[in-house]
Amino acid sequence: MTVQQARARTRQQRILRAAASVIARRGYRDAAVDEIAREAATSKGGVYFHFPGKEAILLALLDHTAALLRGKVEAAIAAEREPVARADAALTVLLQTMARHGTLARVFAVEAVGAGRPFHARVTAIQDEFAAMIQEQLDLAVEDGAIEPLDTALAARAWMGALYSVVLRWVTVPQRAPLEATHASLRLLLLRSIGAELPGAAPAIPVRGARRSSGT
């Protein structure tokens with residue numbers, strides 16, 4: 001990557017951060033490119049140089065969120081040896097990342113879904129992508145005999161649906177409790193839903209702790 005390309009990428013990332021902030025604060029429909037430009041410390045023309053319009057900015061934000069989540073989930077899965085532990089790790093890191101990036105979480109869970117059909121379709125595609133990653137681990141868990149045979153596609157979609165519901169409430173309810181506070185209960189419910197054995201105590205979300213057994 002050349003110096004010029006690196007600078008352009010930095011400007012794009014700055015615009016996306018500003019757009020996430022403005023959209024989360026104003027809502028997608030009321031977010032103005034002028035305000036995004038001011039928050040990004042650039043001109044309106046500078047925004048349009050990188051993105052042809054507000055729609056392109058929101059789609060880029062969704063792609064950015066997906067890439068951020070994908071990298072963290074893949075790393076979490078690679079760190080575990082057994083499939084149930086990998087599915088559990090995927091859930092944990094998804095919740096953890098949303099908790100750390102509340103602005104992106106609101107854009108993803110609220111603003112994009114209500115912005116129109118193309119954006120809703122993109123959110124659905126991202127959810128399906130991560131459901132497929134969880135389903136793959138549940139399929140392996142069934143093959144290994146770690147859990148009883150079940151409809152892993154349905155189970156994975158249910159996991160993502162439960163996670164989305166928790167995140168949606170967190171970003172929309174005033175004076176909400178920390179998202180991390182839901183982790184232990186959500187993890188317990190979802191592991192029980194696939195008949196996985198549960199550990200004696202669920203670790204708090206910021207603490208990965210020791211490597212889990214196949215029942216965690």
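**Exercise 1. Determine how many helices and strands the chain has, and the order in which they follow one another.**

Solution. Step 1: apply the assignment rule, in which helices (H or I, at least four residues) and strands (E, at least two) are DSSP runs, numbered from the N terminus. Step 2: count them; the chain has 9 helices and 0 strands. Step 3: read along the sequence, which gives the pattern α-α-α-α-α-α-α-α-α.

The model is predicted, so local features need pLDDT of at least 70 and side-chain atom pairs count only at pLDDT 80 or more, while totals for chains, interfaces and linings use all residues. Residues are numbered from 1 along each chain as its sequence is written, and side-chain values use heavy atoms, with hydrogens and water left out.

**Exercise 2. Describe the extent, surface and burial of the chain.**

Solution. Step 1: along its principal axes, the C-alpha trace spans about 60 × 40 × 30 Å. Step 2: the accessible surface (Shrake-Rupley method, 1.4 Å probe; for residues, only the protein chains shown count as cover) is about 11,000 Å², and 53% of this belongs to carbon and sulfur atoms. Step 3: call a residue buried under 20% relative accessible area, exposed over 50% and partly exposed in between (1.4 Å probe, protein chains only). Of the 216 residues in the chain, 43% are buried. Step 4: take contact to mean heavy atoms within 4.5 Å. Among contacts between residues at least 6 apart in sequence, 67% join residues at least 24 apart.

**Exercise 3. Find the aromatic pair and describe the surroundings of tyrosine 28.**

Solution. Step 1: rings of Phe, Tyr and Trp (its six-membered ring) pair if their centres lie within 6.5 Å; planes under 30 degrees apart count as stacked, over 60 as edge-to-face and the rest as tilted. Step 2: this rule yields 1 aromatic pair. Its members are tyrosine 28 and phenylalanine 119, in a tilted arrangement with 5.5 Å centre to centre and 55° between the planes. Step 3: tyrosine 28 is in the loop between α1 (3-26) and α2 (33-39) and phenylalanine 119 is in helix α7 (residues 117-144), so the pair ties together parts 91 residues apart in sequence. Step 4: tyrosine 28 and phenylalanine 119 are both buried. Step 5: test for a charge over the ring (NZ of Lys or CZ of Arg within 6 Å of the ring centre and within 35 degrees of the ring normal). Lysine 54 lies over the face of tyrosine 28, 4.7 Å from the ring centre.

**Exercise 4. Examine the salt bridge of arginine 187 and that of glutamate 35.**

Solution. Step 1: a salt bridge is a side-chain nitrogen of Lys or Arg within 4 Å of a carboxyl oxygen of Asp or Glu. The structure has 8 salt bridges. Step 2: arginine 187 bridges to aspartate 88, with the closest N and O atoms 2.8 Å apart. This pair links distant parts of the chain, arginine 187 in helix α9 (residues 183-193) and aspartate 88 in helix α5 (residues 83-100), 99 residues apart. Step 3: arginine 187 is buried at 1% relative accessibility, and aspartate 88 is buried at 0%. Step 4: glutamate 35 and arginine 26 form a salt bridge at 3.1 Å, N to O. Glutamate 35 is buried at 12% relative accessibility, whereas arginine 26 is partly exposed at 47%.

**Exercise 5. Place tyrosine 48 in the chain and list its contacts.**

Solution. Step 1: tyrosine 48 belongs to helix α3 (residues 44-50). Step 2: its relative accessibility of 38% makes it partly exposed. Step 3: with neighbours within four places in sequence left aside, tyrosine 48 contacts Val33 and Gly53.
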